[in-house]
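Here is a short report for a first look at this structure. Keep the model in view while reading.

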Amino acid sequence: LTGVSGCQSVSAEENILLKEISIYPNPTTGNLVINFTQNINNAATKVSILNSLGQTLSIHLLTTNKSIIDISQLQNGMYYLILNHNDTINTEKIIKN
């Protein structure tokens, strides 16, 4: 996986991670729900929120199948949500309105 602004390739492991996670609502006005469709077995998932420059704005450690992240303090715009679960990294674009 390359940097936020570079090209990205998706491996089979990342495809599995994409199927296991739902992130909603997107766009959002404040709260993002991150829902794992399968039990994460107490394996912590690190979630980082980055701006368009790749700067880390916040880091969250998720330990439950359903978590809410409050991004209401962020300015309106596009952000990147980086999920690191079991050494698999997934990048999702999120929009804050």
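## Overall picture

Among contacts in the protein chain between residues at least 6 apart in sequence, 53% join residues at least 24 apart. Contact here means heavy atoms within 4.5 Å. This is a predicted model: local features need pLDDT of at least 70, side-chain atom pairs count only at pLDDT 80 or more, and totals for chains, interfaces and linings use all residues. Residues are numbered from 1 along each chain as its sequence is written, and side-chain values use heavy atoms, with hydrogens and water left out.

The protein chain holds one helix and seven strands. Their order from the N terminus is α-β-β-β-β-β-β-β. Helices (H or I, at least four residues) and strands (E, at least two) are DSSP runs, numbered from the N terminus.

Of the 97 residues of the protein chain, 35% count as buried. Buried means under 20% relative accessible area, exposed over 50%, and partly exposed in between (1.4 Å probe, protein chains only). The protein chain exposes about 5800 Å², and carbon and sulfur atoms supply 48% of that area. Accessible areas come from the Shrake-Rupley method with a 1.4 Å probe; for residues, only the protein chains shown count as cover.

## The four-stranded sheet

One open sheet has four strands, in the order β4-β3-β6-β7, with antiparallel pairing. Its edge strands are β4 (56-62) and β7 (88-96), each pairing on one side only. Neighbouring strands of this sheet are turned by 20 degrees against each other on average, direction ignored. Such angles use axes, which are lines fitted to C-alpha atoms (for helices over the stretch in contact), and run from 0 to 180 degrees between N-to-C directions. Two strands pair if DSSP finds at least two bridges between them. Strands of a sheet pair through backbone hydrogen bonds, either parallel or antiparallel.

Look at β3 (residues 45-50). Six bridges join β3 to β4 in the antiparallel sense. There, V47 stands opposite H60 of β4. β3 and β6 also pair in the antiparallel sense, over six bridges. L50 has Y80 in β6 as its bridge partner. Five of the six residues of β3 are buried, so β3 is largely enclosed by the rest of the structure. A hairpin with five residues between the strands links β3 and β4. In its turn, G54 has a positive phi of about 85 degrees.

## The three-stranded sheet

A further open sheet has three strands, in the order β1-β2-β5, and its pairing is antiparallel. β1 and β5 stand at the edges with a single partner strand each, so one side of each is left without a neighbour in the sheet. The twist averages 15 degrees from one strand to the next.

Strand β1 (residues 21-24) and strand β2 (residues 31-36) run antiparallel, joined by four bridges. Y24 has V33 in β2 as its bridge partner. On β2, five bridges make the antiparallel pairing with β5. L32 stands opposite I69 in β5.

## Two cis bonds in one loop

Six residues make up the hairpin connection from β1 to β2. P25 lies in this loop between β1 and β2. The peptide bond from Y24 to P25 is cis, with omega near -15 degrees. P27 is in the loop between β1 and β2 too. The bond from N26 to P27 is cis, with omega near 15 degrees. Most peptide bonds are trans.

## The core and a buried serine

Which residues have the most contacts inside the largest nonpolar core? They are I34, V47, I49, I69, I71 and L81, in a core of 14 residues. A nonpolar core is a set of buried Ala, Val, Leu, Ile, Met, Phe, Trp, Tyr and Cys residues joined through side-chain atoms within 4.5 Å. β2, β3 and β6 (77-85) are the elements that give two or more residues to this core. Not counting residues up to four places away in sequence, I49 touches residues including H60, I69, I71 and L81.

S67 is found in strand β5 (residues 66-70). Is S67 buried or exposed? S67 is buried, with a relative accessible area of 11%. Leaving aside neighbours within four places in sequence, S67 is in contact with L32, V33, I34 and L62. The S67 side chain also makes a polar contact with the side chain of T64 (3.3 Å). A polar contact is a pair of N or O atoms within 3.5 Å; within protein, one must be able to donate a hydrogen and the other to accept it, and residues adjacent in sequence count only if both atoms are side-chain atoms.
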